[in-house]
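Student: I'm new to this one. Could you walk me through it with a few questions?

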Amino acid sequence: MDSETETLHRMLLQMTDDIHKAFMADGIPYYVVGGTAIGCVRDNGRMVPWDDDVDIVFDACWSEAVAESLRNHLSQKYIVEMPDSKENHKGYFRVVMPNTCLIRNVHDRNDKGISVELFPMIGVPEKSVRRRIQFMMSRLHILLNMAGDYVPKPLVPVCIGFRKAVRMVIDRIGSGDDCDCVSPLNGCFFDEIVPRDVFGKPTPHEIMGIEMMFPEDLEGYLGIVYGDYMSLPPVEKRVPTYLVLDTKNGWMEHMDEARTIQKR
């Protein structure tokens, strides 16, 4: 692992530690998921070497408290982006390290800095008809997320308005009494349906000496979402997904470089 990636991981851990302390101070339950959760178990409490972000999920009912906590505790140190805002047209929160550059997709207007992303978890109903409707709404929500990267800027508020309406439908379906499963409202919505009791009580584990909260049944969560998570992926997949990484400078000067790489 090169020194730039090591610096990236240190920054991600620093941001996650600050989020953890803010949420603990405000009594907000949360869970670290994704590649960081795999690293906790498979890699003996280390970041996955090719991982380039940290994903956090929380129950959607805590969304207002999450916004307030991030604003109060972190906005002086980091760029805190609220969902559906001028700075972040996506439907989730982002905490971004200032004066850094991490570009995965040159078309994504938000994807320009080292960040921790925080996704609300939505209830998923057991009944097949309501689940199918929620599935279609989640696909539309994702398409509207993507559309904000490609439509002219004056139309971005229109996309946000439509997405808010779609989100209301998703939330309404997910608030039923038969919603014993949850899924984060991200691009993998129906690939990451997990029983609520697997998440259970947020449970502390350390990643490289930094305490953070994980699902109570961490191995159960990993088995449901990733299957054979203890096996390493093929060698060709053990690479970061970003086009450009700079831990010292912002993204503006790197856009031409990223476009050139993406065309290859």
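Here is a short chat about a predicted model.

Student: Let's start with empty space. How many cavities of 30 Å³ or more does a search of the whole structure find?
Tutor: Rolling a probe the size of a water molecule over the atoms shows where empty space is left. Searching the whole structure for cavities of 30 Å³ or more gives a count of one.

Student: And which residue in the lining of the largest cavity is charged?
Tutor: The lining is made up of Val-33, Val-57, Met-121, Pro-184, Glu-192, Phe-199 and Tyr-221. By class that gives six nonpolar residues, no polar ones and one charged. Glu counts as charged, so the residue you're after is Glu-192.

Student: Is Ser-63 buried or exposed?
Tutor: Ser-63 sits in helix H3, which covers residues 63-74. Leaving aside neighbours within four places in sequence, Ser-63 is in contact with Phe-58, Phe-93, Pro-120 and Arg-167. The cut-off for buried is under 20% relative accessible area. Ser-63 has 19% relative accessibility, so it counts as buried.

Student: What span does helix H1 reach from its first C-alpha to its last?
Tutor: H1 runs over residues 3-26, which is 24 residues. At 1.5 Å a residue, 34 Å is expected. The model comes close to that, with a reach of 35 Å.

Student: Where is Asn-44, the residue with a positive phi?
Tutor: Most residues other than glycine have a negative phi. Asn-44 has a positive one, near 55°. At 68% relative accessibility, Asn-44 counts as exposed. Its place is the loop between helix H2 (35-41) and strand E2 (54-59).

Student: Is Asn-99 buried or exposed?
Tutor: Asn-99 also has a positive phi, near 55°, and lies in the loop between strand E4 (93-96) and strand E5 (101-103). The cut-off for exposed is over 50%. With 57% relative accessibility, Asn-99 counts as exposed.

Student: On to the rings. The count comes to five aromatic pairs, so what kind of pair do Tyr-92 and Phe-119 make?
Tutor: A pair of aromatic rings is described by the distance of the centres and the angle of the planes. For Tyr-92 and Phe-119 the centres are 4.5 Å apart and the planes are at 45°, so the pair is tilted.

Student: How many residues apart in sequence are the parts that this pair ties together?
Tutor: Tyr-92 and Phe-119 are both buried. Tyr-92 lies in the loop between strand E3 (79-81) and E4, and Phe-119 in strand E6 (residues 115-124), so the parts tied together are apart in sequence by 27 residues.

Key
Residues numbered from 1 in each chain as written. Predicted model: local features only at pLDDT ≥ 70, side-chain atom pairs only at ≥ 80, totals over all residues. Heavy atoms only, no water. 1 Å grid on protein atoms, 1.4 Å probe; cavity = no way out; pocket = protein on both sides within 12 Å on 5 of 7 lines; lining within 4 Å. Points joined across faces, edges and corners; volume = space filled by probe spheres on them. Helix = DSSP H or I, 4+ residues; strand = E, 2+ residues; numbered from the N terminus. Buried < 20%, exposed > 50% of the residue type's maximum accessible area, 1.4 Å probe, protein only. Contact = heavy atoms within 4.5 Å. Expected span 1.5 Å × (residues − 1). Phe/Tyr/Trp six-rings, centres within 6.5 Å; stacked < 30°, edge-to-face > 60°.
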